[in-house]
Amino acid sequence: SDPVKLGEGVNSHVSYRVSTTTNLPQYRWSEFSVIRRFSDFAWLREHLAQRNKGVVIPPLPEKGLATSKLGLTISTEFIENRRTNLELFLIRVAQHPTLCFNTDLQFFLEASEEAWAEQKQRTATDEASANKSG
């Protein structure tokens, strides 16, 4: 919820507040919120797919073009549509009997923005190393 546009022009992006309420014992809190952007959801989906072979991972909304016809602003309708579909993605993952216990999902939902950025950087470095040696 609460999408916020950050930056200007080609460097702009939208961040979304992800609020969670859970009774699963592996979580540190029963209610918490984090800020994530579309690329974070894409990272989560990719890692869920890599670590859960044979499990159908819910789809993300299309990346799409987030600009107006003039290419200057992100439309409110586009942002709301994407927010709704990202929320649906998370609900489907959280309700899945296997995926709801995934540590990547837990980290996505719980980690501070700083810890999240470090983890994404670390996995990108690890994957780049694996691709060079493989």
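**A tour from helix 3 outward**

Start with helix 3, which is mostly covered: six of its eight residues are buried. To select the helix, take residues 103-110. The buried residues to colour are Asp104, Leu105, Gln106, Phe108, Leu109 and Glu110. Keep in mind throughout that this is a predicted model.

**The start of helix 3**

Select Asn102 and Asp104. Asn102 caps the N-terminal end of helix 3, with a side-chain oxygen 2.6 Å from the backbone nitrogen of Asp104.

**Glu110 and Phe32**

Now go to Glu110, which lies in helix 3. Is Glu110 buried or exposed? Its relative accessibility is 10%, and the cut-off for buried is under 20%, so Glu110 counts as buried. Which residues does Glu110 contact, leaving aside its neighbours within four places in sequence? Show Tyr27, Arg28, Trp29, Phe32 and Val34.

Take Phe32 from that set and centre the view there. Phe32 lies in strand 3, and the strand covers residues 31-37. Phe32 is buried, with a relative accessible area of 11%. Draw a distance between the C-alpha atoms of Phe32 and Glu110: the two residues are 78 apart in sequence and 7.2 Å apart in space. Beyond its neighbours within four places in sequence, Phe32 is in contact with Val18, Ser19, Thr20, Thr22, Tyr27, Leu109 and Glu110. Tyr27 is thus listed for Phe32 and also for Glu110.

**The aromatic residues**

Return to helix 3 and select Phe108. The relative accessible area of Phe108 is 0%, so Phe108 is buried. Add Phe41, which is also buried. What is the geometry of the ring pair formed by Phe41 and Phe108? The pair is edge-to-face, 5.0 Å centre to centre, with 70° between the planes. This pair links distant parts of the chain: Phe41 is in helix 1 and Phe108 in helix 3, 67 residues apart.

Next add Trp116. Phe108 and Trp116 form another edge-to-face pair, at 5.4 Å centre to centre and 85° between the planes. Trp116 has 3% relative accessibility and therefore counts as buried.

Widen the selection to Tyr16, Phe41, Trp43, Phe107, Phe108 and Trp116, which ring pairs link into a cluster.

**Helix 1 and the nonpolar core**

From Phe41, move along helix 1, residues 38-51. The buried residues of helix 1 are Phe38, Asp40, Phe41, Trp43, Leu44, His47 and Leu48. An α-helix has 3.6 residues a turn, so residues three or four places apart point the same way. For a check on the helix itself, put a distance on its end C-alpha atoms. They are 20 Å apart, which agrees with the 20 Å that 14 residues should span at 1.5 Å a residue.

Stop at Leu44. Apart from residues up to four places away in sequence, Leu44 touches Phe89, Leu90, Asp104, Leu105 and Phe108. Which residues touch the most other members of the largest nonpolar core? Among its 23 residues, they are Leu44, Phe89 and Leu90. Strand 2 (13-21), strand 3, helix 1, helix 2 (76-95) and helix 3 each supply at least two residues of this core. In soluble globular proteins, nonpolar side chains tend to be buried together.

**A stop on helix 2**

Select Glu80, which is in helix 2. At 35% relative accessibility, Glu80 counts as partly exposed. Then select Asp2: its C-alpha atom is separated from that of Glu80 by 9.3 Å, although the residues are 78 apart along the chain.

**Zoom out**

Show the whole chain as a cartoon. It has four helices and three strands, and from the N terminus on the elements run β-β-β-α-α-α-α. Of the 134 residues, 32% are buried. Contacts between residues 24 or more positions apart account for 54% of those with a separation of 6 or more.

Last, colour by pLDDT. The chain averages 85, and 86% of the residues score at least 70. Where is confidence lowest, and where is it highest? It is lowest in helix 4 (residues 113-133), at a mean of 79, and highest in helix 1, at 95.

Technical notes
Residues numbered from 1 in each chain as written. Predicted model: local features only at pLDDT ≥ 70, side-chain atom pairs only at ≥ 80, totals over all residues. Heavy atoms only, no water. Buried < 20%, exposed > 50% of the residue type's maximum accessible area, 1.4 Å probe, protein only. Contact = heavy atoms within 4.5 Å. Core = buried A, V, L, I, M, F, W, Y, C linked by side-chain atoms within 4.5 Å. Polar contact = N/O pair within 3.5 Å; in protein donor to acceptor, adjacent residues only side chain to side chain. pLDDT = per-residue confidence, 0-100. Expected span 1.5 Å × (residues − 1). Phe/Tyr/Trp six-rings, centres within 6.5 Å; stacked < 30°, edge-to-face > 60°.
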